[in-house]
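Please open the model in your viewer and keep the selection tool at hand. The tour goes from one stop to the next, and each stop says what to select and what is there.

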Amino acid sequence: MAKESKSKRTYPWKTKIKGEEVILRLMTSDDREAMLEFARALPEDDLLFLAVDITDESAVDDWIRRLNEGIIHTILVEKDGKLVGHGSLLHEEQVWTRHLGGIILLLAPEVRGKGLGHILAGELFRHAEDLGLQKIVARMAADQKSAVQVFEKLGFNAEALLTDCVIDRNDRTHDLIIMSYDVTGFNE
Ligand SMILES: CC(C)(COP(=O)(O)OP(=O)(O)OC[C@H]1O[C@@H](n2cnc3c(N)ncnc32)[C@H](O)[C@@H]1OP(=O)(O)O)[C@@H](O)C(=O)NCCC(=O)NCCS
């Protein structure tokens, strides 16, 4: 369960990526439709590997429930008044993994490769530190090669490869890569 944040960051805040202004703000229940619209506009390749199918209304409702319970912390990115991505930290609910957080980063193709993934990860690392978490875990299909490279550049290390543990929306299985980041070593 989320504790009160000690982070100095307050939202919303603005920044520029490659000269273009974006706003980072915390997701609320009012973002249900924007989240669905964002997800439904993603290319098929991205939809294939969504850990949570946020094109689905009930999945977004469940997301918002967990947001309101403090289990998920979601930072949205807006550009020109439109949702173009999110970075989320999912606090593990089981007692023996309570020191772990799961990270999901998802950006619209037009804003990728401009440093936003880096910014979102930094915000989530800070939040994880506020929560007293020790490790952040990222899970992706081994086929998502560029995502694996991005997470390596963000400081994550590959920890495990589990055969056939991802099943995509076309019911094909893929190997799952688990990567982790040590929050306690984070200093800004
Ligand atoms: C993964 C994702 C969030 C990264 O965000 P991004 O804004 O494109 O990443 P950034 O521009 O901040 O780049 C971060 C680092 O990765 C590198 N990078 C970016 N895109 C890359 C690519 N396609 N291949 C290899 N490295 C890449 C950058 O050079 C940067 O490295 P640096 O810190 O040494 O400069 C984004 O590409 C995305 O939404 N992908 C689809 C969803 C996904 O696969 N999510 C991962 C599973 S949770």
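Begin with the second largest pocket of this predicted model, which is lined by 16 residues; to find its centre, select E37, F38, K82, L83 and V84, the lining residues that lie nearest to it. Then colour the helix α1 (32–40) and the strands β3 (72–79) and β4 (82–91), since these are the elements that give two or more residues to the lining of this pocket. The space in the second largest pocket comes to about 200 Å³, and if you colour its lining by residue type you will find nine nonpolar, one polar and six charged residues.

Next, select the ligand together with the residues around it. There are 18 residues around the ligand, and L107, G113, G115, G117 and H118 are those that come nearest. What lies 2.7 Å from a polar backbone atom of L107? It is an oxygen atom of the ligand. Two side chains deserve a look as well: an N or O atom in the side chain of R112 is 3.5 Å from an oxygen atom of the ligand, and a polar side-chain atom of Q144 is 3.4 Å from a ligand oxygen atom. On its own the ligand has 930 Å² of accessible area, of which the protein covers 73%.

Staying with the ligand, colour β5 (100–107), α4 (116–131) and α5 (145–153), the elements that give two or more residues to the shell around it. Which element gives the largest share of the shell around the ligand? That element is α5, from which six residues come. By type, the shell around the ligand divides into eight nonpolar, seven polar and three charged residues.

Now move to strand β8 (residues 173–182) and select S180, which has its place there. Is S180 buried or exposed? With a relative accessible area of 7%, S180 is buried, because buried means under 20%. Show the side chain of E159 as well, and you will see that the side chain of S180 makes a polar contact with it at 2.3 Å.

For the last stop, select L162 in strand β7 (residues 157–167). L162 has a relative accessible area of 33% and is therefore partly exposed, a value that falls between the 20% limit for buried and the 50% limit for exposed. Finally, add I136 to the selection: L162 and I136 are 26 residues apart along the chain, and their C-alpha atoms are separated by 18 Å.

Notes
Residues are numbered from 1 along each chain as its sequence is written. This is a predicted model: local features need pLDDT of at least 70, side-chain atom pairs count only at pLDDT 80 or more; totals for chains, interfaces and linings use all residues. Side-chain values use heavy atoms; hydrogens and water are left out. On a 1 Å grid over the protein atoms alone, a cavity is a set of points where a 1.4 Å probe fits but cannot get out, and a pocket is an open set with protein on both sides within 12 Å along at least five of seven lines; lining residues have an atom within 4 Å of a point. Grid points are joined across faces, edges and corners, and a volume is the space filled by probe spheres set on the points. Helices (H or I, at least four residues) and strands (E, at least two) are DSSP runs, numbered from the N terminus. Ala, Val, Leu, Ile, Met, Phe, Trp, Tyr, Cys and Pro count as nonpolar, Asp, Glu, Lys and Arg as charged, and the others, Gly among them, as polar. A residue is near a molecule or strand if one of its heavy atoms lies within 4 Å of it. A polar contact is a pair of N or O atoms within 3.5 Å; within protein, one must be able to donate a hydrogen and the other to accept it, and residues adjacent in sequence count only if both atoms are side-chain atoms. Accessible areas come from the Shrake-Rupley method with a 1.4 Å probe; for residues, only the protein chains shown count as cover. Buried means under 20% relative accessible area, exposed over 50%, partly exposed in between (1.4 Å probe, protein chains only).
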